[in-house]
Amino acid sequence: MKKHNFSAGPSILPALVMEKAAAAVQELDGIGLSLIEISHRSKEFVAIMDKAQDLALELTGLKGKGYQALFLQGGASMQFLMAAANLMQNKAGYINTGAWSDKAIKEAKRYGEVIEIASSKEANFNYIPKGQDIPTDLDYLHITTNNTIFGTQFHDLPQTNVPLIADMSSDIFSREFDYSAFDLFYAGAQKNMGPAGTTLVIVKDSLLEKMNKDVPSMLSYATHADKGSMFNTPPVFAVYTSMLTLEWLKEKGGISAIQEHNITKAKLIYDEIDRNTAFEGFAAKEDRSYMNATFNLAEGVDGSAFDEMWNAANISGLKGHRSVGGYRASIYNALPLESAQQLVDVMQQFEKTL
Ligand SMILES: *Cc1c(COP(=O)(O)O)cnc(C)c1O
């Protein structure tokens, strides 16, 4: 029996996507060949890449608005340095909301001066710093829209006139946003879009034109944009499966429909965290993530029985990240409401044993 999958990443994908991806590994659309044994320059795969790029722009409302979608490799971690290599001339600003921002900052320092505009480090990153004045002489401002580890999420974007760059690895396609507020955003596929192996980058044409020229080919956004994400062999399986997920999302009604579903799931879980005397939420309420709900045991509560109970209830991937402890329910787009309900039921059963 399939488990209730709360894994933070790689994470749950829609059952229909799994089915279609598995079938395509056997044979792609009746062509007598597998998806993973044909040329990436074949008309079949070129159509897949085009469609994946097109859907990414359409779903974010950026189609025809001067943006390009790229499917690259190296994970979101590669973007930490690519963004800086292409955009940093003198200095850039970073809002530090925890581990992922920290790593982005570390790479950016190789290319110029990093101004840490704000940080919530003193509170173990349990909130999103807000309301800072952003200097106007930065090459760009970088944020992590959703911090997967700490369970915090920007609900309002910082106001700035400098190019806004975002790591959206764990909340892309999960909520309505003015995506045009960003000049470049990126996401490793493995949280909300597909299997590990590809990273979606959406970049504004006007920013591409201003990028540093002296960047190694593989690290240059301009190279990948010029070649339609086919400068070298793209990760064909990851791109295909991402395309299937984006198709699935479009059929479900797109981002506005999935956002409603995500709010319902998150509310169910957060309401229980707040009601249940055995648990307490980790992140500040106003900054809670709709994708990763982090919570700990209340003072003095022994969680060993809870661990046995959720395992027995066919729940997987609930253990919190080591820097937060406790639990983390990752409730990405593909997680069904029944899984959220199953978790809430077990939390209630556990409370009754105390
Ligand atoms: C998972 C994650 C990453 C790391 O992604 P990789 O593809 O493993 O490099 C970066 N940023 C955020 C917000 C993440 O959730």
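1. Terms first. A residue is buried under 20% relative accessible area, exposed over 50%, and partly exposed in between. Leucine 16 stands at 40% relative accessibility, so leucine 16 counts as partly exposed. The model is a predicted one. The values below are computed from that model.

2. Overall make-up. The protein holds ten helices and 14 strands. The C-alpha atoms fill a box of roughly 60 × 55 × 30 Å along the principal axes. For 354 residues, a compact globule would have a radius of gyration near 20 Å. The protein has 21 Å, which agrees.

3. Burial and surface. Of the 354 residues, 56% count as buried. The accessible surface comes to about 15,100 Å². Carbon and sulfur atoms account for 50% of that surface.

4. Contacts along the chain. Take the contacts in the protein with a separation of 6 or more. Residues 24 or more positions apart account for 68% of them.

5. Charge. There are 32 positive and 42 negative side chains. The centres of the two sets lie 2 Å apart.

6. Domains. The domain assignment gives domain 1 as 15-251 and domain 2 as 254-352. Their centres, taken over C-alpha atoms, are separated by 27 Å. How many residues of each domain are in contact with the other? From domain 1 there are 28, and from domain 2 there are 25.

7. Leucine 16 again. This residue sits in helix α1, residues 15-26. Threonine 245 is 229 residues away along the chain. Yet the C-alpha atoms of leucine 16 and threonine 245 are separated by 8.8 Å.

8. The cis peptide. The bond from glycine 9 to proline 10 is cis, with omega near -10 degrees. Proline 10 lies in the loop between β1 (4-5) and α1. Most peptide bonds are trans. This one deserves a look in the viewer.

9. The loop between β4 and β5. Two residues of this loop are taken together here: serine 120 and phenylalanine 125. The flanking strands are β4 (113-119) and β5 (141-144). Is serine 120 buried or exposed? Serine 120 has a relative accessible area of 0%, so it is buried. Leaving out residues up to four places away in sequence, serine 120 touches Asn96, Thr97, Phe125, Asn126, Tyr127 and Pro129. Phenylalanine 125 is thus among the contacts of serine 120. Phenylalanine 125 counts as buried too, because its relative accessibility is 5%, under the 20% cut-off.

10. Positive phi. Most residues other than glycine have a negative phi. Phenylalanine 125 has a positive phi near 60 degrees. Phenylalanine 173 also has a positive phi, of about 65 degrees, although it is not a glycine. Phenylalanine 173 is found in the loop between β8 (164-167) and β9 (184-188). At 1% relative accessibility, phenylalanine 173 counts as buried.

11. Tyrosine 111. This residue is in the loop between α4 (99-108) and β4. Is tyrosine 111 buried or partly exposed? Its relative accessibility is 32%, so tyrosine 111 counts as partly exposed. Neighbours within four places in sequence aside, tyrosine 111 is in contact with Leu81, Ala84, Ala85 and Met88. Valine 46 is 65 residues apart from tyrosine 111 in sequence. In space, the two are 34 Å apart, C-alpha to C-alpha.

12. Alanine 340. Where is alanine 340 placed? Helix α10, residues 337-353, holds it. Alanine 340 is buried, because its relative accessible area is 0%. Its contacts, not counting residues up to four places away in sequence, are Phe6, Lys265, Leu268, Ile269 and Leu335. One of these, phenylalanine 6, is 334 residues apart from alanine 340 in sequence. Their C-alpha atoms are 9.0 Å apart in space.

Note on methods. Residues numbered from 1 in each chain as written. Predicted model: local features only at pLDDT ≥ 70, side-chain atom pairs only at ≥ 80, totals over all residues. Heavy atoms only, no water. Helix = DSSP H or I, 4+ residues; strand = E, 2+ residues; numbered from the N terminus. Rg over C-alpha atoms; globule rule 2.2 N^0.38 Å. Buried < 20%, exposed > 50% of the residue type's maximum accessible area, 1.4 Å probe, protein only. Contact = heavy atoms within 4.5 Å. Areas by Shrake-Rupley, 256 points an atom, 1.4 Å probe, with all protein chains shown as cover. Lys, Arg positive; Asp, Glu negative; His and termini not counted. Charge placed at Lys NZ, Arg CZ, Asp CG, Glu CD. Domains from an automatic or database assignment.
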